[in-house]
Amino acid sequence: MPYEVNKSDEQWREELSPQEYAVLRQAGTERPFTGEYTDTKTEGVYECRACGAELFRSGTKFESHCGWPSFYDPADSDAVELIEDRAMGMVRTEVRCARCGSHLGHVFAGEGYPTPTDQRYCINSISLRLAPAGE
Ligand SMILES: [Zn+2]
């Protein structure tokens, strides 16, 4: 199924920095504890850095101590796309932006975090852009 935002690889390379491209378009992972939003508590909306779609809200961000921004629920379940990922000898669930197909991170469940969903959307900071509330 084609994404609503559908750009060529060349266009993405032009619009994104090399670091953004490596994560968003090549499913890379930023090093833990290095992303700009790992410990951010600012209220606001986290948008897809590639297409600007609203993905997560600060109210569902929690301290997972895993080194990446973690959310227990997307802003809207239609905002993200979940795909089985069998890379690296593990079965994981990849999280992508449903609007442009860019890689965001992975979602893990049943880890025992005290959140309403017991899910951890483990998202790369570089895949997001925080729009602070009231600005
Ligand atoms: Zn997107």
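**Cysteines, zinc and a sheet**

Modeller: In this predicted model, the residues that donate to the zinc ion follow the sequence spacing C-x2-C-x45-C-x2-C.

Colleague: Nice place to start! Which atoms are the protein donors of the zinc ion?

Modeller: They are the SG atoms of Cys 48, Cys 51, Cys 97 and Cys 100, at 2.3 to 2.4 Å from the zinc ion. The cut-off for a donor here is 2.8 Å, so these sulfur atoms count as donors.

Colleague: And what makes the arrangement of the four donor atoms tetrahedral?

Modeller: The angles they subtend run from 103 to 114°. Tetrahedral requires all angles to lie between 85 and 135 degrees, so the label applies.

Colleague: Why is Cys 48 called buried?

Modeller: Its relative accessible area is 2%, and buried means under 20%, so Cys 48 qualifies. Cys 97 and Cys 100 are buried too.

Colleague: How many disulfides does a search of the whole structure find?

Modeller: Zero. Take Cys 66: the nearest cysteine sulfur belongs to Cys 122, 4.0 Å away. A disulfide needs the sulfur atoms within 2.5 Å, so Cys 66 is in no disulfide.

Colleague: Is Cys 66 buried or exposed?

Modeller: Buried: 17% relative accessible area against a limit of under 20%.

Colleague: Back to Cys 122: which residue has Cys 122 in E8 as its bridge partner?

Modeller: That is Ser 70. Strand E4 (residues 70–71) and strand E8 (residues 119–123) are antiparallel, with two bridges. Pairing takes at least two bridges, so E4 and E8 count as paired. Both belong to an open sheet of six strands, ordered E3-E4-E8-E7-E6-E5.

Colleague: What makes E3 and E5 the edge strands?

Modeller: Strand E3 (61–62) and strand E5 (80–85) each pair on one side only.

Definitions and conventions
Residues numbered from 1 in each chain as written. Predicted model: local features only at pLDDT ≥ 70, side-chain atom pairs only at ≥ 80, totals over all residues. Heavy atoms only, no water. Buried < 20%, exposed > 50% of the residue type's maximum accessible area, 1.4 Å probe, protein only. Donors = N, O, S within 2.8 Å, 3.2 Å for Na, K, Ca; no water. Tetrahedral: all angles 85-135°; square planar, octahedral: opposite > 155°, others 65-115°. Helix = DSSP H or I, 4+ residues; strand = E, 2+ residues; numbered from the N terminus.
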